[in-house]
Amino acid sequence: ERQLFAGWNLIGYYQIENTTAVSAQYALATLTDDIYDESQKWWTQLRTYDNVAKQFKSITFYDNLNPGEGFWIFMKSSSFAPYLYGPGVEGES
């Protein structure tokens, strides 16, 4: 597990063993109250950097996260901070 704080945090793809690409709702399961309800997530923005296009790309709750990718995540300010980010849950990719 890794501790995240309110505001911007840099994270890597941290998934359960033998799992490849999976949507953010499953990969970030430890950062939400309900993996099936986007309004229950504890973050407001998730971005990756496209080195070819030289620009940041927004990632949605339903977009896939892939091994080897890094992400900037903006965590909400709340009484739950700091947050624990750990391996997600298996889901459909």
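Before the hairpin that I want to start with, a word on terms: helices (H or I, at least four residues) and strands (E, at least two) are DSSP runs, numbered from the N terminus, and two strands pair if DSSP finds at least two bridges between them. In the hairpin of E4 and E5, four residues sit between the strands, and Lys54 takes a positive phi near 60 degrees. I should say early that this is a predicted model, in which local features need pLDDT of at least 70 and side-chain atom pairs count only at pLDDT 80 or more, while totals for chains, interfaces and linings use all residues. Residues are numbered from 1 along each chain as its sequence is written, and side-chain values use heavy atoms, with hydrogens and water left out.

Staying with that hairpin, strand E4, residues 43–50, and strand E5, residues 55–58, run antiparallel and are joined by four bridges. Within this pairing, Tyr49 has Phe56 in E5 as its bridge partner. E4 is also joined by four bridges to strand E7, residues 70–75, and these two run antiparallel as well; here Gln45 stands opposite Phe74 in E7.

Putting these pairings together, we get an open sheet of four strands in the order E2-E7-E4-E5, with antiparallel pairing. E2 and E5 stand at the edges with a single partner strand each, so one side of each is left without a neighbour in the sheet. From one strand to the next the twist averages 30 degrees, where axes are lines fitted to C-alpha atoms, for helices over the stretch in contact, and angles run from 0 to 180 degrees between N-to-C directions.

Let me step back to the whole protein, which has one helix and eight strands and follows the pattern β-β-β-α-β-β-β-β-β along the sequence. Its radius of gyration is 12 Å, close to the 12 Å that the globule rule gives for 93 residues, so the protein is as compact as a globular protein of that length; the radius is taken over C-alpha atoms, and the rule is 2.2 Å times the number of residues to the power 0.38. Of the 93 residues, 35% count as buried, where buried means under 20% relative accessible area, exposed over 50%, and partly exposed in between, with a 1.4 Å probe and protein chains only. Among contacts (heavy atoms within 4.5 Å) between residues at least 6 apart in sequence, 69% join residues at least 24 apart.

Which residues does Asn9 contact, leaving aside its neighbours within four places in sequence? Asn9, found in strand E2, residues 7–12, is in contact with Leu4, Phe71, Trp72, Ile73 and Met75. Asn9 is buried, with a relative accessible area of 9%, and a polar atom of its side chain lies 3.0 Å from the backbone oxygen of Gly7.

Gln25, in helix H1, residues 24–27, is buried too, with a relative accessible area of 8%. A polar atom of the Gln25 side chain lies 2.8 Å from the backbone oxygen of Ile35, and, not counting residues up to four places away in sequence, Gln25 touches Ile35, Tyr36, Phe61 and Tyr62.

My last stop is Pro67, in the loop between strand E6, residues 64–65, and E7. Pro67 is partly exposed, with a relative accessible area of 48%, and its C-alpha is 9.4 Å from that of Val22, although the two are 45 residues apart in sequence.

Technical notes. Polar contact = N/O pair within 3.5 Å; in protein donor to acceptor, adjacent residues only side chain to side chain.
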